[in-house]
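Let's walk through this one together, a piece at a time. Keep the viewer open as you read.

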Amino acid sequence: SEKIKKDYEKTSNEISTSLVIGNGVMGKGIIWLLSKYLKQTRIKLRNLDKAQNIIGDVAKLYDYFLKSRKMTQAQVDLKLSSLSYTQNFDGLKNIDLAIEAIVENKEQKEELLKKLESCMKDDAIIASNTSSISIEELSKNLQRKENFMGIHFFNPVNKMPLVEIIPNSKTSKKSINTVKQSLIKMGKMPIVVGDCAGFLVNRILLPYLNEAAFILEEGSNITTIDKVLKDFGMPMGPFTLADNVGIDIGYHVSKILNESYGQRMPISNVLIKIYEQKLFGKKSKKGFYDYTNNNTIENK
Ligand code: NAI
């Protein structure tokens, strides 16, 4: 086992410090995960005023551990105290892993990744949580492509075990192994997937959600389809799932899949319609369901 350990050390590094950029739905989930398992997590903010809100939201993700007595308040406080903040990309020299989860915009991500590369140590791993931008494209202007990859978490990060790792054509085996081993230690199930539109999960999930919407267009109804798929064994029906993911996200990813795979992956008119009406699902209180009165919004 000593030999296995030595071989392992040759092919991967230990990650103990991290940086997260972007503090939306995904950023906060990622901050929580890293705070739980790593020694230190730094958060890059555009405005330090937001720090207290973020710490409050991250603290909420520890509630389950407190309630189930898996952690004490003192242990949670210790985890939260491992978080630090920067507005100006300072204090990044000892960081092992940076994950960006800023807005899904190629130019903004490219600019940020370049900046990170200039502020971090040579062997730091830099990753993007993008759900649709090509990792090869994002790597184009980087000097150390071998340390760059996609690490695609799913929403909500604290509950979803699967994580997709997307290498670019130059990503080193060592970087991939390092990330893989770290994610396993964090209780996640990493899989390495190809750099294509939708990666793996969304290529399967979005046609499924769109197909449910096509059946709705053909005259079925939301609650029946949801019930059938639940009875089949899915943890929730497709419309409940779409509302949880966010109709805006579902629409954007469907659009990218349609552009990439053509007629194989059409977008349903119902999805387009409710997206245009800004019914974004749970986060806007209305999507396929109306959460203000526990009803559905049917396509009539
Ligand atoms: P969000 O809109 O909730 O959060 C984006 C955050 O980034 C905001 O807090 C915003 O203030 C910040 N931000 C924007 N531009 C910035 C910049 N230039 N520098 C620093 N911070 C900046 O978005 P969400 O849903 O958290 O998505 C973030 C990333 O994760 C996107 O790339 C998205 O495609 C990806 N993703 C989203 C999933 C989801 O289900 N929402 C699932 C998997 C990946």
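UniProt, in an unreviewed entry, lists residues 95–122 as a "coiled-coil region". Set that label beside the coordinates, remembering that this is a predicted model. The span is 50% helix and 14% strand, and its end C-alpha atoms lie 10 Å apart.

Next, zoom out to the whole chain. The protein is divided into domain 1, covering 12–192, and domain 2, covering 201–296. Taken over C-alpha atoms, the centres of the two domains are separated by 28 Å. Where they touch, domain 1 puts in 5 residues and domain 2 puts in 6. On the domain 1 side of that contact, you'll find 1 nonpolar, 3 polar and 1 charged residue.

Now for the ligand. Which residues are closest to it? Out of 24 that surround the ligand, the closest are Gly22, Gly24, Met26, Ile102 and Asn155. Two elements, α2 (25–37) and α6 (106–119), are the ones that give two or more residues to this shell. Of these, α2 gives the most, with 3 residues.

What about the chemistry of the shell? It splits into 11 nonpolar, 11 polar and 2 charged residues.

Finally, where does the ligand sit relative to the two domains? Domain 1 (12–192) and domain 2 (201–296) both supply residues to the shell, so the ligand lies between them. If you're setting up a view, bring up the ligand with Gly22, Gly24, Met26, Ile102 and Asn155, the closest of its surrounding residues, and then colour by domain, 12–192 and 201–296.

How values were computed:
Residues numbered from 1 in each chain as written. Predicted model: local features only at pLDDT ≥ 70, side-chain atom pairs only at ≥ 80, totals over all residues. UniProt positions renumbered as here; feature names shortened; annotations may be inferred. Helix = DSSP H or I, 4+ residues; strand = E, 2+ residues; numbered from the N terminus. Near = placed C-beta within 6 Å. Nonpolar A, V, L, I, M, F, W, Y, C, P; charged D, E, K, R; others polar. Domains from an automatic or database assignment. Contact = placed C-beta atoms within 7 Å.
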